[in-house]
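Me: I should like to go through this model step by step. Please keep each answer brief and reasoned.

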Amino acid sequence: MNMLSDLSMKSDEVLRVELEEFRRQHRDLDEAIHALEDRGTSDRLTIKRLKQQKLRLKDRISWIEDRLYPDIIA
């Protein structure tokens, strides 16, 4: 199963918990990336991989937010 079908089968409560966890992981990755960049001696490949992981988390966060809070045009 892919990520979207896994998420679509979960309840809203479970998705809210996962959303908070993904947001925390996203913040942690952001802090780690900044720390590595500030050191200046970090491996560029490591930073690139962390940024890609951060983007994947952002996609999951966006998908869950769209599922939980759909746009309603009034």
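Me: What share of the area that the chain exposes do carbon and sulfur atoms supply?
Reply: The model is a predicted one. Its chain exposes about 5,700 Å². Of that area, carbon and sulfur atoms supply 52%.

Me: Which pattern does the chain follow along the sequence?
Reply: The chain contains three helices and zero strands. Read along the sequence, the pattern is therefore made of helices, a run counting as a helix from at least four residues. The chain follows α-α-α.

Me: Which helices each supply at least two residues of the largest nonpolar core?
Reply: The largest nonpolar core has twelve residues, among them L15, L19, F22, I61, I64 and L68. At least two core residues come from each of helix 2 (12–39) and helix 3 (44–68).

Me: With which residues is L19 in contact, leaving aside neighbours within four places in sequence?
Reply: L19 belongs to the largest nonpolar core, as do I61, I64 and L68. In the chain, 71% of the contacts with a separation of 6 or more join residues 24 or more positions apart. Beyond four places in sequence, the contacts of L19 are I61, I64, E65, L68 and Y69.

Me: Does S62 count as buried, partly exposed or exposed, and what is the reason?
Reply: S62 lies in helix 3. Its C-alpha is 9.1 Å from that of L19, although 43 residues separate S62 and L19 in sequence. The relative accessibility of S62 is 31%. Because buried means under 20% and exposed over 50%, S62 counts as partly exposed.

How values were computed
Residues are numbered from 1 along each chain as its sequence is written. This is a predicted model: local features need pLDDT of at least 70, side-chain atom pairs count only at pLDDT 80 or more; totals for chains, interfaces and linings use all residues. Side-chain values use heavy atoms; hydrogens and water are left out. A nonpolar core is a set of buried Ala, Val, Leu, Ile, Met, Phe, Trp, Tyr and Cys residues joined through side-chain atoms within 4.5 Å. Buried means under 20% relative accessible area, exposed over 50%, partly exposed in between (1.4 Å probe, protein chains only). Contact means heavy atoms within 4.5 Å. Accessible areas come from the Shrake-Rupley method with a 1.4 Å probe; for residues, only the protein chains shown count as cover.
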